[in-house]
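Reader: I am in my first year of study and would like to look closely at one part of a protein model. Could you please choose a single helix and describe its surroundings step by step?

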Amino acid sequence: MDDTPEPDENFNDREMTITLTHRGDAPFLEEKRRAILQFRDNARELPFSLDIPQVVIGRSKEADLCVNDHYMSGKHARVLVIHNFYYLEDLNSRNGTTVNGKKVTFMRLAHQDVIQIGQTAFRFLQMDAIDGNYIKRLNLQAVQSLALAVEAKDPYTKGHSERVAEISEHLASVMGLPSTHLERIRIAGVLHDIGKIGVPESVLLKTGKLDPFELELIRKHPVDGQNILRPLNFLGDILPAVYHHHERFDGGGYPTGLAGEAIPLWARIVQVADTYDAMTSDRPYRKALSKEEAAREIVRCSGTQCDPAVAKAMGEILAPGKPG
Ligand SMILES: [Fe+2]
């Protein structure tokens with residue numbers, strides 16, 4: 001577990017690419033075309049469509065984000081994060097990128113558009129059964145892209161999702177959970193705060209006390225997270241961990257106030273990992289605690305905020321003499 005902060009200078013210019021990737025050979029395209037058509041048939045209710053030659057990569061209330069490319073070369077358009085704002089950029093695609101019928105080379109996007117694009121890309125990938133491993137890898141990349149979109153809004157959380165993922169997996173392994181669960185718990189860790197994409201920066205970055213309305217906005221993020229991920233079938237098993245990661249063992253948490261073992265186990269694991277990482281990271285309003293201080297704090301919260309079994313596993317990981 002490495003909690004050394006990394007330099008931030010390039011972070012806000014990090015590229016978040018959510019483009020559809022294609023290998024371009026003819027049989028592949030034929031398969032792809034069939035997958036798309038089937039996808040479209042199954043998706044009458046969904047607020048977007050995919051077609052050839054026009055590929056709609058996302059649609060939201062405000063914009064249809066279309067990329068026309070007869071050859072589906074993989075060079076369509078991409079989404080960039082620059083100084084906490086999202087932009088759509090055309091990548092010299094053969095026929096240009098269109099938004100609501102107008103060609104654009106570069107335009108600013110609303111956060112909601114980005115969520116829609118991410119979900120569309122996910123759904124598209126889900127339909128693609130051509131190469132299971134290839135798709136699995138792309139799915140994970142898309143998961144990470146969404147998590148990065150949240151971190152881009154708050155530089156203080158840089159690397160948070162990856163660290164929570166790593167700690168959650170480590171805890172689950174120390175607790176003896178089956179190996180098939182470990183990768184899923186890791187994904188739950190990556191995505192646990194995805195709902196924060198809907199929280200305005202003014203609230204997310206506020207250093208002073210939050211007023212009740214702002215608190216309410218922050219407290220909505222597990223619910224928003226579940227709503228964002230719900231359409232993605234392949235993430236169905238991790239939704240409870242995202243939804244319940246702010247519950248407390250004594251029932252004083254949110255959004256439901258569940259207590260004890262009624263809280264899904266993966267959520268109790270992510271909760272401890274999240275708490276530990278928050279305590280050991282610098283925030284605008286306080287300095288990071290040392291690993292030893294954080295370990296003591298987790299033990300102190302055992303049975304109130306934290307599940308005692310998970311807190312015990314954390315204690316084992318952080319026991320003196322163990323490499324952090
Ligand atoms: Fe959270």
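Author: The following account concerns one helix, α4, and the helices that it meets.

The model is predicted, and the protein contains twelve helices and seven strands. Of its 324 residues, 37% count as buried. Among contacts with a separation of 6 or more, 61% are between residues 24 or more positions apart.

Helix α4 covers residues 160-174. How far should its 15 residues span, and how far apart are its end C-alpha atoms? At 1.5 Å a residue the expected span is 21 Å, and the end C-alpha atoms are indeed 21 Å apart, which agrees. The buried residues in α4 are H160, S161, R163, V164, A165, I167, S168, E169, L171 and A172. After α4 comes G176, which has a positive phi, near 80°.

A general point helps with what comes next. Two packed helices are described by two quantities, the angle between their axes and the distance between those axes.

Consider α10 as a partner of α4. Helix α10 consists of residues 265-279, and its axis comes within 8 Å of that of α4, crossing at roughly 130°. The two helices are therefore oblique to each other, and their crossing is right-handed. On the side of α4, the residues that take part are H160, R163, V164, I167, S168, L171 and A172; on the side of α10, they are I269, V270, V272, A273, D274, Y276 and D277. By class, this contact of α4 with α10 comprises nine nonpolar, two polar and three charged residues.

The spacing of such residues along a helix can be read with one rule in mind. An α-helix has 3.6 residues a turn, so residues three or four places apart point the same way.

Helix α10 deserves a description of its own. From its first C-alpha to its last, α10 reaches 22 Å with its 15 residues, close to the 21 Å expected at 1.5 Å a residue. Twelve of those 15 residues are buried, so that α10 is mostly covered. The buried residues include W266, A267, R268 and Q271, as well as I269, V270, V272 and A273. Which helices do the buried residues of α10 pack against? They pack against α4, α5 (179-191), α9 (239-243), α11 (291-300) and α12. In the loop between α9 and α10 lies P255, and a cis peptide bond, with omega about 10°, joins Y254 to P255.

The last of these names, α12, also meets α4 directly. Helix α12 spans residues 308-318, and the axes of α4 and α12 come within 9 Å and cross at roughly 100°. Angles of 65 to 115 degrees count as roughly perpendicular, and α4 and α12 are therefore roughly perpendicular to each other. The contact involves H170, L171 and V174 of α4, together with V310, A313, M314, E316 and I317 of α12. Sorted by class, these are six nonpolar, one polar and one charged residues. Residue L171 of α4 thus belongs to the contact with α12 and also to the contact with α10.

In summary, α4 is oblique to α10 and roughly perpendicular to α12, while α10 packs its buried residues against both α4 and α12, among others.

Key:
Residues numbered from 1 in each chain as written. Predicted model: local features only at pLDDT ≥ 70, side-chain atom pairs only at ≥ 80, totals over all residues. Axes fitted to C-alpha atoms, helices over the stretch in contact; angles between N-to-C directions. Helix = DSSP H or I, 4+ residues; strand = E, 2+ residues; numbered from the N terminus. Parallel < 35°, antiparallel > 145°, perpendicular 65-115°, else oblique. Contact = placed C-beta atoms within 7 Å. Nonpolar A, V, L, I, M, F, W, Y, C, P; charged D, E, K, R; others polar. Left-handed = near helix turned anticlockwise from the far one by under 90°. Expected span 1.5 Å × (residues − 1). Buried ≥ 20, exposed ≤ 12 C-beta atoms within 10 Å, placed from the backbone.
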